[in-house]
Amino acid sequence: MLDMSMEVTGRDPIVRTLTAGARVAAMELKPGDRVSLVAFSGNAKTILPMTGDVRRFESALRKIGNWIVQRNQRHLYDSLLTALSIFPEATQSDRRRCIVVLTTASDAGSRHTAGEVALAARSKSTAIFVALISPQPSPPHLMPGGRVYPNGPNANENEEKKMLEPLARETGGDVRVYEANQYVIARAISDMVNK
């Protein structure tokens with residue numbers, strides 16, 4: 001799942017930076033793996049239905065980097081429920097199910113709760129792994145009163161991580177922080193597989 005409402009760092013939207021590594025991300029998938037691509041902000045949209053075709057995944061991921069969403073909506077919980085609907089009911093299988101969410105922040109405005117998402121994920125034996133993207137460090141920012149924020153006043157990934165951790169842990173997943181670059185998606189897939 002790719003959060004399309006992630007802000008711009010430097011000159012490029014974070015989404016464009018992440019999707020520049022589409023080929024490297026596709027190389028993390030092993031034979032027999034199946035993957036889907038879901039974009040979200042206010043609503044979730046399935047860009048690529050579940051497939052074992054790595055080339056289709058790479059192509060869809062590369063193309064989505066050209067989309068820009070200016071709305072500052074992040075209905076993460078609602079979108080996770082949409083993504084979970086892709087999975088059939090849990091069955092006895094040696095296959096591991098996981099949703100990897102790439103975002104810069106926790107939910108903002110969903111109708112559903114983290115508890116509802118955790119319940120749905122557990123019923124489908126699906127772990128939620130969150131790749132919390134930390135924007136590239138910005139120049140120091142001076143606030144009134146002389147206080148200096150080394151990465152700007154809104155760099156608060158620890159709070160965001162605390163908000164996301166209960167949901168991820170309840171599903172057997174995790175939250176990890178990554179610096180925004182073209183290797184993040186590949187690293188997140190690798191970290192999820194090796195968890």
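The following exchange concerns helix α6 and its salt bridges in a predicted model.

Student: How do you know that the length of helix α6 agrees with its number of residues?
Tutor: Helix α6 covers residues 157-170, and at 1.5 Å a residue these 14 residues should span 20 Å; because the end C-alpha atoms are 20 Å apart, the two values agree. The helix does carry a kink of about 40° at L164, shortly before the proline P166.

Student: Why is E165 called buried, and R169 called exposed?
Tutor: Buried requires a relative accessible area under 20%, and E165 counts as buried because its value is 17%. Exposed requires over 50%, so R169, with 54%, is exposed.

Student: What makes E165 and R169 a salt bridge?
Tutor: The cut-off between the side-chain nitrogen and the carboxyl oxygen is 4 Å, and the closest N and O atoms of E165 and R169 are 3.7 Å apart, within that limit. The two residues are four apart in helix α6, which means that about one helical turn separates them.

Student: Which parts of the chain does the salt bridge between R122 and E170 link?
Tutor: The closest N and O atoms of R122 and E170 are 2.7 Å apart, and the pair links distant parts of the chain, with R122 in helix α5 and E170 in helix α6, 48 residues apart.

Student: Why is R122 called partly exposed?
Tutor: Partly exposed lies between the 20% and 50% cut-offs, so R122 belongs there at 41%; E170, at 44%, is therefore partly exposed as well.

Terms used
Residues numbered from 1 in each chain as written. Predicted model: local features only at pLDDT ≥ 70, side-chain atom pairs only at ≥ 80, totals over all residues. Heavy atoms only, no water. Expected span 1.5 Å × (residues − 1). Bend = angle between axes of the 7 residues up to and from the residue. Buried < 20%, exposed > 50% of the residue type's maximum accessible area, 1.4 Å probe, protein only.
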